[in-house]
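Q: Could we go through a structure together, feature by feature, so that I learn how each one is read?

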Amino acid sequence: MKDLIISTPRNYALGYINNFMDNRFYESVSKEVLKFSETAFDPSFDNYWMGLEHGDPTLAKNNYKLLGGGYDGDTIEKFKLIIDKFGLRYLSKLLMAFDTQQFADYIYSKLDLKKLNIKPFKVVDSDYSLGLSGSNYQHIYTSFKLSCYPPSSGIAFHRDNQKKLVGMLLYFGFSDKKIRKKGGTQFASDENTDSGWSEKQENHSFHFNKRLNIVHNHYPYPNSFAAFLINNHSWHKVDPFEGDSKLFRINLQINFMRINKKSLLHKIKNRIIK
């Protein structure tokens, strides 16, 4: 797998790359995803998609659309139903490749998470319970979310819920396939803030803040990819863009979710240690 370009925001890891996947395979996946994503703005498919608004409606008046995500550990099953219904066989192959120990090891290595005292990843099912070996690894499961952004939609600064450990974004560009340097994801560092500042802030409460320094503006180029460690400092946002009302931008979010469920043996072990 390709190396990531590593950025150096304070207190979290960030890596990114263009031309992430084999171009022929990407084109096959992209064709399916772009076609399916048209359903995001068809009212007859509202049972699949959720609309979310920006924290400041004066800045971004339109909702963006999400499919999947959440914290119930069932997004793979939900995507399988959609894949079967719409015949998305290349998307199926892509999600299977992301949900592997090999891919988790790749992300752990390329983001150099050992330096940040993150334990090696072990991919498990979402209903896995930590046993006696739980202290040796960071157990994770994979979840997915598909996002579509129309003009005048976006997301204010946030850090993501810390039930996620690593967030990743695979970009499919714009629905008209034109290349644009707008509507991407802006990653920031809190290096200009006092100690403890980030911990006191609320997600989605501001879109601009002079204390946050943009360290990477990731343009939504097709087949580009970004990955970042999620913690109190992993600030990022999505700037609204302007364009034809039928235009939208698409990305797939891949998340490594923390396993926090503990088995009875794990609980007994912790009580003994305490």
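Q: Which residues does Q138 touch, if those up to four places away in sequence are not counted?

A: A contact list is best read beside the position and the burial of the residue at its centre. This is a predicted model, and in it Q138 is found in strand β6. Leaving out residues up to four places away in sequence, Q138 touches K119, P120, F121, K122, L165, R258 and I259. Q138 counts as buried because its relative accessible area is 17%, and buried means under 20%.

Q: What does F121 touch, again not counting residues up to four places away in sequence?

A: The list for F121 includes Q138, together with Q101, A104, D105, Y108, L113, Y137, I140, L165, V166 and F256. F121 is also among the residues with the most contacts inside the largest nonpolar core, where it is named with I107, V166, L170, F225 and L252.

Q: How many residues does that largest nonpolar core have, and which elements give two or more residues to it?

A: A core is read first by its membership and then by the elements that supply it. The largest nonpolar core has 47 residues. The elements giving two or more residues to this core are the helices α1 (23-37), α2 (75-86), α3 (89-98) and α4 (101-110), and the strands β6 (138-149), β8 (164-174), β11 (224-229) and β13 (249-258). Another core, of nine residues, lies apart from it, and L14, L169, F228 and I230 are among its members.

Q: Which residues of α4 are buried, and what do they pack against?

A: For a helix, one asks which residues are buried and then which elements those residues meet. In α4 the buried residues are F103, A104, Y106, I107 and Y108, and they pack against α3, β5 (121-123), β6, β8, β11 and β13. After α4 comes D112, which has a positive phi, near 55 degrees.

Q: Where else is phi positive in a residue that is not a glycine?

A: The general idea is that most residues other than glycine have a negative phi. N11, although it is not a glycine, has a positive phi of about 75 degrees, and N11 is found in the loop between β1 (5-7) and β2 (14-17). D160 likewise has a positive value, near 80 degrees, and the place of D160 is in the loop between β7 and β8.

Q: Are N11 and D160 buried or partly exposed?

A: N11 counts as partly exposed because its relative accessibility is 38%, whereas D160 is buried because its relative accessible area is 13%.

Q: How many salt bridges does a search of the whole structure find, and how should I read one of them?

A: The search finds eight, and each pair can be read by its distance and by the accessibility of its two partners. The side chains of K164 and D160 meet in a salt bridge with an N to O distance of 3.8 Å, and both residues are buried. The side chains of R180 and D176 meet at 2.7 Å, N to O; here R180 counts as buried because its relative accessibility is 18%, while D176 counts as partly exposed because its value is 33%. In the salt bridge between D74 and K78, the N to O distance is 3.6 Å. D74 is partly exposed, with a relative accessible area of 24%, and K78 is partly exposed too, at 42%.

Q: Where does S198 lie, and what does it touch?

A: A loop residue can be read in the way used above, by place, accessibility and contacts. S198 lies in the loop between β9 (185-189) and β10 (213-218), and it counts as buried because its relative accessibility is 1%. Not counting residues up to four places away in sequence, S198 touches R159, D190, N232, H233 and W235.

Q: How much space lies in the largest pocket, and which residues are the closest to its centre?

A: Rolling a probe the size of a water molecule over the atoms shows where empty space is left. About 740 Å³ of space lies in the largest pocket. The pocket is lined by 40 residues, of which L66, G68, G69, G70 and K145 are the closest to its centre.

Q: Which elements supply at least two residues of the lining, and what is its make-up by class?

A: The elements that each supply at least two lining residues are β3 (50-52), β4 (64-68), α2, β6, β7 (155-158), β8, β12 (236-238) and β13. By class, the lining has 16 nonpolar, 16 polar and eight charged residues.

Definitions and conventions: Residues are numbered from 1 along each chain as its sequence is written. This is a predicted model: local features need pLDDT of at least 70, side-chain atom pairs count only at pLDDT 80 or more; totals for chains, interfaces and linings use all residues. Side-chain values use heavy atoms; hydrogens and water are left out. A nonpolar core is a set of buried Ala, Val, Leu, Ile, Met, Phe, Trp, Tyr and Cys residues joined through side-chain atoms within 4.5 Å. Buried means under 20% relative accessible area, exposed over 50%, partly exposed in between (1.4 Å probe, protein chains only). Helices (H or I, at least four residues) and strands (E, at least two) are DSSP runs, numbered from the N terminus. Contact means heavy atoms within 4.5 Å. A salt bridge is a side-chain nitrogen of Lys or Arg within 4 Å of a carboxyl oxygen of Asp or Glu. On a 1 Å grid over the protein atoms alone, a cavity is a set of points where a 1.4 Å probe fits but cannot get out, and a pocket is an open set with protein on both sides within 12 Å along at least five of seven lines; lining residues have an atom within 4 Å of a point. Grid points are joined across faces, edges and corners, and a volume is the space filled by probe spheres set on the points. Ala, Val, Leu, Ile, Met, Phe, Trp, Tyr, Cys and Pro count as nonpolar, Asp, Glu, Lys and Arg as charged, and the others, Gly among them, as polar.
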